[in-house]
Amino acid sequence: MVLSPLSGKRILGSWMALSGVHKERGEVRIHESLDELSTDLADYIAELSEACVKERGAFAIALSGGSLIGLMGKLCEAPYSKTVDWAKWYIFWVDERVVSKSHADSNYKLAKDNLLSKVPIVPSHVHSINDSVSAEDAADEYEFAIRQLVKMRTVDVSDISDCPKFDLVLLGLGPDGHVASLFPNHSALIEQDEWVTFITDSPKPPPERITFTLPVINSASNVAVVAAGESKAEAVHLAIDETEPDDGKTSLPARMVQPRNGKLVWFLDKLATSKLQGSHSE
Ligand code: 6PG
């Protein structure tokens, strides 16, 4: 029998048999199916929400775009739709495309249509970017807004840096190893002072985006990377498995996700782990 580190509840699911803890790369959860991954992801998020609301009366969660939102879909269903304290959720975006909120490329629209509009989130707790200004101004304004919320402790502050400490940062993973809008070998990867930066040359369309920087991602209490499908297998291998230093792989964005004082969990399906080497249980 396996107990949840958070609630102590009994965890079911064959994914446990395939998973383990990697000494440097966090907890790797491998699921037989997308359905099992979604259930486990919903359990994990609901448990974190419960613990954070109990501890500090709020749950500050930052979302990515892409397939992640669909995989969070079970949160809109029972029991979570009834048991999660949605009124205490504060929603942010780890990255956003600089397009109007009604545009098909908008991460805000993706989350609103597929998640936020289906559960009783407080509208004023949804913190999206200003979609009527330039990428640079949108990044500045978003950082300013987050700084105000840190002052009010709606978002906690890191104990080891002046960064915000989100309760949960949810990341997808690109086939090239990008997370958020932090792409391999891009200057945004080495940004250390800004909390939110912007890019205008994203290799993945659309080109203009704002994104949390690595110091903010790595200051979170919890970071989860959610990746499914064969197309992610190489990136998963490069992000988790032992690799020789200075082989250029160390600048893989997904490998630079290393919470300094937080917990990292990978939600993967079997296809995404097809190239994963090295045992992950000590
Ligand atoms: C974005 C995302 C991006 C996404 C990955 C994975 O706005 O494009 O935030 O980082 O998470 O590209 O996307 P998929 O899960 O759809 O492959």
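A residue counts as near the ligand if one of its heavy atoms lies within 4 Å of it. In this predicted model, 14 residues surround the ligand, and those that come nearest are Ser-67, Asp-95, His-178, Ala-180 and Lys-232. The points below take up the ligand site, its polar contacts and then Gly-70.

**The ligand site**
- The space that the ligand takes up is the second largest pocket of the model.
- The shell around the ligand is made up of seven polar residues, five charged residues and two nonpolar residues.

**Polar contacts with the ligand**
- Ser-67, which is one of the residues that come nearest to the ligand, places a polar side-chain atom 2.5 Å from an oxygen atom of the ligand.
- Gly-65 takes part through its backbone, with an N or O atom that lies 3.0 Å from an oxygen atom of the ligand, whereas Arg-209 has a polar side-chain atom at 3.2 Å from an oxygen atom of the ligand.
- On its own the ligand has 420 Å² of accessible area, and the protein covers 90% of that area.

**Gly-70**
- Gly-70 belongs to helix α3, which spans residues 68-71.
- The relative accessible area of Gly-70 is 56%, and because a residue counts as exposed when this value is over 50%, Gly-70 is classed as exposed.
- Although Gly-70 and Ser-38 are separated by 32 residues in sequence, their C-alpha atoms lie 8.6 Å apart in space.

How values were computed:
Residues are numbered from 1 along each chain as its sequence is written. This is a predicted model: local features need pLDDT of at least 70, side-chain atom pairs count only at pLDDT 80 or more; totals for chains, interfaces and linings use all residues. Side-chain values use heavy atoms; hydrogens and water are left out. Helices (H or I, at least four residues) and strands (E, at least two) are DSSP runs, numbered from the N terminus. Buried means under 20% relative accessible area, exposed over 50%, partly exposed in between (1.4 Å probe, protein chains only). A polar contact is a pair of N or O atoms within 3.5 Å; within protein, one must be able to donate a hydrogen and the other to accept it, and residues adjacent in sequence count only if both atoms are side-chain atoms. Accessible areas come from the Shrake-Rupley method with a 1.4 Å probe; for residues, only the protein chains shown count as cover. On a 1 Å grid over the protein atoms alone, a cavity is a set of points where a 1.4 Å probe fits but cannot get out, and a pocket is an open set with protein on both sides within 12 Å along at least five of seven lines; lining residues have an atom within 4 Å of a point. A molecule sits in a cavity or pocket if more than half of its atoms lie within 2 Å of its grid points. Ala, Val, Leu, Ile, Met, Phe, Trp, Tyr, Cys and Pro count as nonpolar, Asp, Glu, Lys and Arg as charged, and the others, Gly among them, as polar.
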